Amino acid sequence: MAEVVLKNVCKRFGDVVAVDDVNLTIADREFVVIVGPSGCGKTTILRMVAGLEEITGGEIRIGDRMVNDLAPKDRNIAMVFQSYALYPHMNVFNNIAYGLKMRKIPKPERESLISKAATILNIENLMHRKPGQLSGGQRQRVALGRAIVRDPDVFLFDEPLSNLDAKLRLQTRTELKKLHERLQATAIYVTHDQVEAMTMGNRIVVVNKGAIQQVGSPLTVYRHPANQFVAGFIGSPAMNFIPCRLRRKMDATVLDNGDFSIPLAPALGKRLQATGENEFIFGIRPEDIMENNHNTQLPVDYPSFKAGVHVIEPLGKEISIDINTGEHTMTALVSSDSKLRLNDTIEMVLNMDKSRIFRTTTGETIGPD
Amino acid sequence: MGLKKHNGKRPSVLAIHLILISWSLVVLFPLWTMLVNSIKPKREIFRHPFGIPDEITFEGYRHAWTGANFDIYFRNSIFVTVVSLLLILVLGSLAAYAMANWRSRTSNLVYLFFIAGLMVPIRLGTINIFQMIIAMGLAGSIFSLIPIYVAMGLPIATFVLTTFIRELPHEIFDAARVDGASEWRIYWTIILPLVRPALATVAIFDLIPIWNDIWFPLIFNLADNHRTVAIGVSLLFGQYQTNWTRVLSALSLSAVPILILYLLMSKQFIKGLTAGAVKG
Amino acid sequence: MSHSAAPHHKTSGLGSEAARRLRVWVLFLIPALLIYAVFMAFPLFNSMRLSFYTGQGLTPDHFVGLENYRELFTNPIWRDPFTNAFKNTCIFHLIHMAVQNTLGLLFATLLATPFRGRNIYRTIIFTPATLSVLVTGFLWTLILNPRWGMLNQMLEAVGLGAWAKPWLGDPDLALIVIALVSSWQWVGLPTMMFLAGLMTIPDELIEAARVDGASAWRIFWQIKLPLLKPVIGIVWILTFVGNFNAFDVVFAMAGTRGEPGYAADLLATFFYRTAIAGEHPVARPDMGIGAAVATCTFLTLLAGVSVWLILSRRRNGQT
Ligand SMILES: Nc1ncnc2c1ncn2[C@@H]1O[C@H](COP(=O)(O)OP(=O)(O)O)[C@@H](O)[C@H]1O
Ligand SMILES: [Mg+2]
């Protein structure tokens, strides 16, 4: 088993910088999720760890070996590809056996390893079918089988669930987690789906434009996003971003968005002023915009405002509504007990404890804490 | 609506059949003439050239096979064709695998270099090829044909196979690399089985010009026991122009193997022979 | 961005894995590249180089600059047969375009409508393309033979005896007849290419036009033909290259001198005589002149291919 270390790793394709100075340490037996929008360089990172893509700069270590110069076959990794990449002309058994054959594992041992993997994945009855005769879920299992049978140091998963339908995806998620606990190997799991990332990772790595934005537990990146990108990318429906101007209002510092102003704690106000900028982004998640009624137990000085209801979208347990305050439109979540109707005017209040303030220039989080 | 459409189509389908049947007769008549008269005695050919023979003779075939050495010519033609095709397929698919994987300016230039051969007939270089063959001491030998046919077949082979391999899901090769296979193993165990349809296309495309080539055998002036069927036919034609039975037997003999192959797999043939053009 | 900060481990070690890959690709490429370069590309350029040399025998070794070309273009001994062969090749090509490719388009259009028996016609139309040109040529020579040829017999049998002709003996007819025989053989290729092209036209397009009230004729001219342009381009360039390289059919039906009296002489037969067999009245092969002929053919082909590339690129640019 092995620790994986990426140190200042870069990858350029011609003029395109696909991966930009990535530093990441993945502990032995850890399950790390890399998440980011499509095209941000996730696959490229995995492929560099696998040795399928040469790195332009930096260093990759697996265990105590520096693997920059090692061919994929010498790195003892296994990879599950987005398209599964099963060999179309071989049946399931031979697909799984291929890697063992290449490693010259003797036949009897090979067969027992394969049947063990088949039992774990519940694909024993598919062994003689060709990939073309399998459903998406079955193919995905065979791809997993091909990976686990080799007993690698590191598993690399490239969006392995993205080709499954929603229900199967949910089910496979939990199975994958269980499988990881059972196999006790280091795993790097890549996905563009932040919900998947939040539910699967002990630690998630948010990537954008080839660079790591934040590394942390699901709750950390959700509650304390390092910057506006992470805040907007993690969480659904996405966080509301409201451009504001820093203003003095009597003794206090406030953020004024044109429709209403948001009072700031004195320390925070000072911090914002210290930047010398006066444009900031105020971020608030939909569930932190609440109907201002007696149920809300928020301090009275939290900003409240009147807004018109534009869109109503029932999500099941909750209702997502788009509200308009004049200049701005925001998304809020209200309980499905709510009797709201389209074009109603309601009074809303912001839960300032959960709000975030970002610098317009760099996107980095500057407050409230 | 459906009824109307049907009625409206009737006469045009008739016209289509009429045109196509006429042309089919134009195509089949000469072939019929060749085959049926090759087994008629000479006198009968003149009496009724198009009918079924009253008396069947295989004198023409016998003469061609033993008297005119067609047994040797056939062996030579088959040897040259098979060896050339095998080399084209193996070398072409190896090169195609490399070019489909190795993406760089150099490999693009190499690819273009191969592709250029699609538009330039190898015959334009005949003078120098002839000199090289003589310098290599291969003059008059059947072996002189093989490298030339391989060179001639490689542009279409690399073109069809590279296009084909580039369209295969690339992650399959990566999966094999992660599984621990060398490029050579990937070529044998993954590429070759997967490109089989494209190999068939290439084989058919190159088969016909190689089997039928007359230019190089003629220019290289092959020794008698090194001659190919095509050259044999032209010799025999010059010799026995008035002995129709013999001439037609020789023509049939050289045409029938490919004709049978074609009738057995006309779909692949049509696809193969049209491939280079449609893809481009 | 910040990649400049990356430490430079790369140059030392990274080379080995990259170099290993590169070595494999080069190794895979070399056999094919070598044979292709040595036996096709190199001889082509070397043959062109020889067009600047003169000398007896196999290897012209005396450099004469453009003298061979001057001979070819001005000395009547070379100029007359050369221009004759060039003109004949052009006529040969035009007949293919007019007959072979028009028939091909017609057959393809007919075969593109679904009806039973299509595949049989397709197989039949394509059959001659699998024959050796030599076989086709000889076979038709026999059929067209003025004394015992079957065509004349047939014409007599149906009362058209007056139409009987020495088809291949008439200098005005020989080239045309040979071109028609060649078209007979190859018509399957354009048929299949046009058919493939027609198959890619979406049915909805045709149906929409039909709903708009367009006649079949209009649909052909205004929808199908414009959409077939790329295929037409490919068919043309392949026919062009094939025709300017044609030898076998003339060799079979009119000999290496394009009988009668050079009436059917093409560039390839002319080249064969100058470079290999020896041209009358010199009667000795002249490799230098032959190389000049090959170079002229090459330049003609190059011009054709360039025209095709420019036209197809312009079309791509438009859409
Ligand atoms: N082989 C390649 N050549 C050029 N650009 C590439 C190549 N592979 C990836 N890229 C570019 O690198 C960036 C990251 O790609 P990728 O790692 O596939 O993203 P992701 O997996 O996160 O969707 C993209 O902008 C992509 O266009
Ligand atoms: Mg990806």
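Guide: Let's start with a term: a polar contact is a pair of N or O atoms within 3.5 Å, where, within protein, one must be able to donate a hydrogen and the other to accept it. Keep in mind that this is a predicted model.

Visitor: Okay, how many residue pairs are in polar contact across the interface of chain C and chain B?
Guide: Counting pairs with both residues at pLDDT 80 or more, the rule applied to chain C and chain B gives a total of 12.

Visitor: Which helix of chain C gives the largest share of the side that touches chain B?
Guide: The contact takes in 87 residues from chain C and 92 residues from chain B. On the chain C side, 23 residues come from one helix, spanning residues 10-50, and that largest share belongs to H1 of chain C.

Visitor: How many residues on that side of chain C are nonpolar?
Guide: Carbon and sulfur atoms carry 83% of the roughly 8,300 Å² that chain C and chain B bury between them. Trp25(C), Phe28(C) and Phe39(C) lose the most area to chain B, together 10% of what the chain C side buries. Sorted by class, the side of chain C that touches chain B has four charged residues, 14 polar ones and, for nonpolar, 69.

Visitor: And which residue of chain B forms a salt bridge with Asp248(C)?
Guide: There are two salt bridges between chain C and chain B. For Asp248(C), the closest N and O atoms are 3.1 Å apart, and a salt bridge needs them within 4 Å, so the pair qualifies. The partner is Arg123(B).

Visitor: Moving to chain A, how many residues of helix H2 are buried?
Guide: This helix runs over residues 92-102 of chain A, which is 11 residues, and is mostly covered. Buried ones include Val92(A), Tyr98(A) and Met102(A). The full count of buried residues in H2 of chain A is eight.

Visitor: Which helices of chain B help cover them?
Guide: Part of the cover comes from chain A itself, including helix H3 (107-121) and helix H4 (136-148). From chain B, the cover includes H8 (171-178) and H9 (183-194).

Visitor: What residue's backbone nitrogen does the Asn91(A) side chain reach?
Guide: Asn91(A) sits at the start of H2(A). One of its side-chain oxygens comes within 3.2 Å of a backbone nitrogen, that of Phe93(A).

Visitor: How many residue pairs are in polar contact between the two domains of chain A?
Guide: The assignment gives domain 1 (4-233) and domain 2 (240-292 + 300-367) in chain A, with centres 39 Å apart over C-alpha atoms. About 810 Å² is buried between these domains, 47% of it from carbon and sulfur atoms. Salt bridges between them number zero, but for residue pairs in polar contact, both at pLDDT 80 or more, the rule finds six.

Visitor: How about chain B: how many residue pairs are in polar contact between its two domains?
Guide: Here domain 1 is 2-37 and domain 2 is 59-279, and four residues of domain 1 are in contact with six residues of domain 2. They bury about 450 Å², with 76% from carbon and sulfur atoms. Met34(B), Leu35(B) and Asn37(B) supply 90% of the area domain 1 of chain B buries there. For polar contacts, with both residues at pLDDT 80 or more, the number of pairs is zero.

Definitions and conventions: Residues numbered from 1 in each chain as written. Chains lettered and ligands numbered in written order. Predicted model: local features only at pLDDT ≥ 70, side-chain atom pairs only at ≥ 80, totals over all residues. Heavy atoms only, no water. Domains from an automatic or database assignment. Contact = heavy atoms within 4.5 Å. Buried area = accessible area lost by both parts, 1.4 Å probe. Buried < 20%, exposed > 50% of the residue type's maximum accessible area, 1.4 Å probe, protein only. Helix = DSSP H or I, 4+ residues; strand = E, 2+ residues; numbered from the N terminus. Salt bridge = Lys/Arg side-chain N within 4 Å of Asp/Glu carboxyl O. Nonpolar A, V, L, I, M, F, W, Y, C, P; charged D, E, K, R; others polar.
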